[in-house]
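Work through the exercises below with the sequence and the structure side by side, and try each task before you read its solution.

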Amino acid sequence: MRAVVVRPPSPGAELLDVPVPELSAGTVRVAVLECGVCGTDHDIVDGKYGRAPPGSPYLILGHENLGEVRELGAGAAGFAPGDLVVATVRRGCGRCRFCHTNRSDFCETGGFTERGIGGSHGYMADEYVELPEYLVRVPPALRSIAVLLEPLSVVEKATFQGQRVLDRKEPTPGEPKVGVPRALVAGTGAIGMLAAFVLAVRGYRVTAIDRHGEDTLAAGLLRRVGARHVNVAGGTAVLGDEGYDLVIEATGSVALDFSLIDRLGPNGVLVLTGIPDAGGPAEPVAGGTLFRDVVLGNQAIVGSVNANRTYFESGLRDLAVFEDRWPGAVAQMIAGRHPIEECASVLAQRTSGTIKTVLTVRPGGAGASPP
Ligand SMILES: [Zn+2]
Ligand SMILES: [Zn+2]
């Protein structure tokens with residue numbers, strides 16, 4: 001079968017003919033329809049990280065996926081051929097209590113693998129084989145946008161984690177609720193845009209920041225969901241003095257991360273999802289003022305990575321709500337679909353201003369013709 005392979009730490013990606021994975025008892029064979037491309041894929045192709053499975057000379061790339069069930073191994077249940085499915089990414093260490101309960105996003109040993117990223121083959125291939133517990137069934141009505149479910153699951157977890165902290169502010173029974181909560185989203189890539197959609201649905205007044213003007217696709221979509229867009233190319237001071245209850249960061253910029261702490265309102269929470277370059281320059285920080293304000297304001301800074309299947313399931317529910325409230329808006333995030341044969345050129349370029357690029361594995365599959 002065809003597969004997009006990388007050989008970390010060597011840079012580059014190529015389409016290779018590789019053996020079809022074996023269907024064993026209890027597993028499901030899935031034909032891949034399409035895969036999203038994100039910054040993680042670009043970083044792996046650039047040779048920054050990524051790890052082939054033990055004994056394999058290469059890693060099959062791809063973690064943002066949509067496929068169709070083809071065949072069930074002996075004893076596998078819960079799916080039928082033709083079902084649309086999205087697979088989760090992380091596979092547990094098998095040793096900690098979180099991994100034992102399918103919550104490897106909270107793995108405490110670091111012994112997990114991630115399909116298409118580290119230690120386990122990904123989904124940019126004609127087929128993959130997986131256990132049913134890692135597959136999430138997708139309703140046919142969401143077929144053209146379900147390739148965004150994996151990045152959305154990351155947003156679902158991040159917003160849930162932030163909300164857990166904010167729940168301490170909830171009124172006690174009988175006490176009236178006052179005001180509309182304010183959310184700030186930093187970054188308007190796929191994660192930031194999906195966060196703006198989720199927070200709008202949750203009833204937040206949403207502001208989203210990036211370094212672009214009003215003429216981008218992202219700015220237009222933000223207007224559509226009632227969010228305010230602010231260009232902070234000249235610094236975040238343009239945001240004014242307003243403090244935010246929930247800040248979702250999706251840029252990986254360390255300098256911006258520090259400035260976002262200043263944007264927190266009293267009792268606010270900052271959730272970081274972007275992964276900064278560990279080798280980046282040291283940032284000068286006025287730590288005294290920064291942490292003084294965090295303490296005196298009861299503020300919280302929370303990191304959030306990956307997602308378990310509960311967040312894929314809540315993401316599915318939100319995708320349906322997005323489609324209901326803003327028909328066709330999510331599909332607009334997919335800037336282009338390219339055949340898998342074009343993987344090398346698609347993976348070599350990071351196009352600024354595009355929200356999501358998708359590689360089509362099976363022509364005629366999901367969303368092959370744009371709406
Ligand atoms: Zn991704
Ligand atoms: Zn674990």
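A donor, in these exercises, is an N, O or S atom within 2.8 Å of the metal, and water is not among the atoms, so sites may look incomplete. Please keep in mind throughout that this is a predicted model.

**Exercise 1.** Determine which residues coordinate the zinc ion (ligand 1), and state whether His-63 and Glu-64 are buried or exposed.

Solution. Begin with the donor atoms: the zinc ion (ligand 1) is coordinated by SG of Cys-38, NE2 of His-63 and OE of Glu-64, at 2.1 to 2.2 Å. Next, place these donor residues along the sequence, where their spacing reads C-x24-H-E. Finally, turn to accessibility, for which buried means under 20% relative accessible area. His-63 has 3% relative accessibility and therefore counts as buried, and Glu-64, with a relative accessible area of 3%, is buried too.

**Exercise 2.** Find the donors of the zinc ion (ligand 2), and explain why their arrangement is called tetrahedral.

Solution. First, list the donors, which are the SG atoms of Cys-93, Cys-96, Cys-99 and Cys-107, at 2.3 to 2.4 Å from the zinc ion (ligand 2). Along the chain, the donors of this zinc ion follow the spacing C-x2-C-x2-C-x7-C. Then consider the angles: four donors count as tetrahedral if all angles lie between 85 and 135 degrees. The four donor atoms around the zinc ion (ligand 2) subtend angles of 102 to 117 degrees, so the arrangement is tetrahedral. As a last step, look at accessibility, where Cys-93 is buried with a relative accessible area of 13%, while Cys-99 counts as buried at 12%.

**Exercise 3.** Describe how the chain is divided into domains, and work out which residues form the salt bridge with the closest N and O atoms 3.0 Å apart.

Solution. Start with the division: domain 1 covers 2-145 + 332-360, and domain 2 covers 154-303. The centres of the two domains, taken over C-alpha atoms, are separated by 29 Å, and the contact takes seven residues from domain 1 and 13 residues from domain 2. Continue with area, since domain 1 and domain 2 bury about 900 Å² between them, 67% of it on carbon and sulfur atoms. On the side of domain 1, Gln-332, Met-333 and Ile-355 lose the most area to domain 2, together 61% of what that side buries. To finish, the interface has one salt bridge, and Lys-157 forms a salt bridge with Asp-105, whose closest N and O atoms are 3.0 Å apart.

Notes: Residues are numbered from 1 along each chain as its sequence is written. Chains are lettered from A and ligands numbered from 1 in the order in which they are written. This is a predicted model: local features need pLDDT of at least 70, side-chain atom pairs count only at pLDDT 80 or more; totals for chains, interfaces and linings use all residues. Side-chain values use heavy atoms; hydrogens and water are left out. Donors are N, O and S atoms within 2.8 Å of the metal (3.2 Å for Na, K and Ca); water is not among the atoms, so sites may look incomplete. Four donors count as tetrahedral if all angles lie between 85 and 135 degrees; four count as square planar and six as octahedral if opposite donors are over 155 degrees apart and all others between 65 and 115; anything else is irregular. Buried means under 20% relative accessible area, exposed over 50%, partly exposed in between (1.4 Å probe, protein chains only). Domain bounds come from an automatic or database domain assignment. Contact means heavy atoms within 4.5 Å. Buried area is the accessible area (1.4 Å probe) that two parts lose on being put together, summed over both. A salt bridge is a side-chain nitrogen of Lys or Arg within 4 Å of a carboxyl oxygen of Asp or Glu.
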